[in-house]
Number of protein chains: 2
Amino acid sequence: MGRPTIDDVARAAGVTKATVSHAYSGKRPISATTKARIFAAAERLDWVPSSRARALAARRANAVGVVLSRDPAILASDAFFPAFISGVESVLAGHEIALVLQMVTGRTAEERAYRAMASGRADGVIVLDLHRVDWRVPYLRDLRLPAVLLGAYDAENPFSTVRTDDATPVRELVAHLRALGHTRIAHVSGPLDYVHSHARAAAYVESVGGDELLREGDFTAGSGRALTAELLGLPDRPTAVLYANDTMAIAGYSYARSRGLEVPADLAVAGFDDDHLSAHLSPALTSVSSDPFRRGKVAAERLLADLAGEPAESVTVDCTVLRLRASTAGPAPEAHPTPLEEELS
Amino acid sequence: MGRPTIDDVARAAGVTKATVSHAYSGKRPISATTKARIFAAAERLDWVPSSRARALAARRANAVGVVLSRDPAILASDAFFPAFISGVESVLAGHEIALVLQMVTGRTAEERAYRAMASGRADGVIVLDLHRVDWRVPYLRDLRLPAVLLGAYDAENPFSTVRTDDATPVRELVAHLRALGHTRIAHVSGPLDYVHSHARAAAYVESVGGDELLREGDFTAGSGRALTAELLGLPDRPTAVLYANDTMAIAGYSYARSRGLEVPADLAVAGFDDDHLSAHLSPALTSVSSDPFRRGKVAAERLLADLAGEPAESVTVDCTVLRLRASTAGPAPEAHPTPLEEELS
DNA sequence: GTGAAAGCGCTAACAG
DNA sequence: CTGTTAGCGCTTTCAC
């Protein structure tokens, strides 16, 4: 024995398996009475169609893939990912489509992962953490694997894209700080070869008119701390720092406080991505929420549309909201604050 | 055309598909020369075996499943999940086994998800967030779906289990606080029908000798805040609070500070799970790190062993480490501190 | 050592 | 509206 098959159901209902199949897929009109008989039989036998057989015959996995090439340590400190996946799942669930996740380190492993997806594990993939020049884009094209890219990818490509306007909140933040009297505004970015880090950094440079106070971090608390130390050691130190994520911002402001600076009185601090803890810190951290759940939703919807045969399309999700909180409240400190002595280690 | 199949490779190598299949699986001795010819042909044709066909023929998906029934909002504020998944993936990757993730809300959806897994999407599942009486255990047994349970499940069941000793760190924490002079130690737990929340709460009750200062939270910042407000409004308020996760702890200590209390001078605070931000707060938060990565690793290894036919087994991962930090440093405040006035809303 | 052939449990033409 | 017949691309007996 073992699980019942479509043949068992067909026999029990007195029809052929084709009819059973169509009763469920609806790809062919079936009379209400036979349909009822079929469903009853299926129910009675407790039949669940084999997704393996279905996948092979229909040439589709009914699954979409996500391959993640982040360092686990960074992943763990990332508010984006779980929320994004939730958003993706929120649309997949309604279509009985599964999510296949693969975490890899290194290009070879990543290529293998995408080939596995293309070999039938998934019907399409969502690509995260786009680089400004990303080998995956031509690679996926060659694999003929449908994909949705998250982030603005400028080079010619056949894929749908889900974009977010990262520049506007950065500009607003700079304007806000300027209005409070800040003139030395720094930015600790993420790795600049990521499209989103680059977009934020570019908007910052454009807003403040230079990159003198731009430092490239890597999204970890460690880099937030180290670069903050460096910035605060400058002769004409910044009075405000924008970080590319909340993890670095919090590490940064903790460092500043450990050195005797008050936030926001001596140093204004803002993050990005609005970690769930940020509103609960004291002072609460100003941040930019970017609704990863919604972006996951849109990306999944877009991928399903692609899979349904619609032409690729680039959609922009308007989802960034500036959350002004205590860490950037109040006037800027006086013009030329004393620099902190640079710390060793 | 389309992708090459095993037949193309067989033809190109001058053998039959059976031989190709065996050349890769090693389930039959193949002469070195034909093997070489086969691999060369496969390489030349750029053949990737179809995982769909393979799954159907071999009756195994080469995938393991995780179905998550958490509210997306809680998931997003959870340091556990991404790290756990990383750990799982770290072992699956080496076996060319995929991870199928499904997020659901509600029992019906969860049952559907498990049936989908059993229908061939996955060869086994890892079950998280075990309840003290959990319908999934008999359900999965009836489905005959191999599973590994994360957490101590006491009722009779056929599954492998990955346990963690949650009680010891709680006892250590209480002992530590006692040594500092605290006598009124509270605990804000997670939902008590979860096995892990219950285990922590039970250890707490046993250590302090009563449940007068035990409050049941739900892991969200909101509940951390509300229950802290309630505890601090008590006539004989606690001078130390243990929270079942860092999110609640941070929300709690932010609340306390907003009401004028100093941490740890007026109130000692400890969390659980060691969020990546906790070490970077000021004061840094005492917490219990529980190495979710490692637990994911062990759970995945255990599941693979089950799938390989080994008998089910219960393993205990010794992975909790008490991270004593500033939020519990220094002596307890005087015996009967003034209660805070209870806050409305 | 290798080949031939029979499935795995569905979907999808092609008929009627 | 429903039945018949081929596959989908592998794995796995059973032969030799």
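**Reading salt bridges and a DNA-facing surface**

Trainee: R323(A) has a relative accessible area of 34% and is partly exposed. How is such a label assigned?

Mentor: The model is predicted. A residue counts as buried under 20% and as exposed over 50%, with partly exposed in between. At 34%, R323(A) is therefore partly exposed, whereas D274(A), with 18%, is buried.

Trainee: How far apart are the closest N and O atoms of D274(A) and R323(A)?

Mentor: A salt bridge requires a side-chain nitrogen of Lys or Arg within 4 Å of a carboxyl oxygen of Asp or Glu. D274(A) and R323(A) form one, with their closest N and O atoms 3.6 Å apart. D274(A) lies in the loop between β9 and β10 of chain A and R323(A) in strand β12, so the pair ties together parts 49 residues apart in sequence.

Trainee: How many salt bridges does the structure hold over all chains?

Mentor: There are 39 over all chains. In chain A, R302(A), D306(A), E310(A) and E313(A) are linked in a network of them.

Trainee: Which residues are closest to DNA strand C?

Mentor: A residue is near the strand if one of its heavy atoms lies within 4 Å. Here 27 residues surround DNA strand C, the closest being I6(A), K17(A), S21(A), R54(A) and R28(B). Of the strand's atoms within 4 Å of the protein, 63% belong to sugar and phosphate.

Trainee: Which element gives the most residues to that surface?

Mentor: α4(A) gives the most, with four residues. As for individual contacts, an N or O atom in the side chain of R54(A) is 2.8 Å from a phosphate oxygen of DNA strand C.

Note on methods
Residues numbered from 1 in each chain as written. Chains lettered and ligands numbered in written order. Predicted model: local features only at pLDDT ≥ 70, side-chain atom pairs only at ≥ 80, totals over all residues. Heavy atoms only, no water. Polar contact = N/O pair within 3.5 Å; in protein donor to acceptor, adjacent residues only side chain to side chain. Helix = DSSP H or I, 4+ residues; strand = E, 2+ residues; numbered from the N terminus. Buried < 20%, exposed > 50% of the residue type's maximum accessible area, 1.4 Å probe, protein only.
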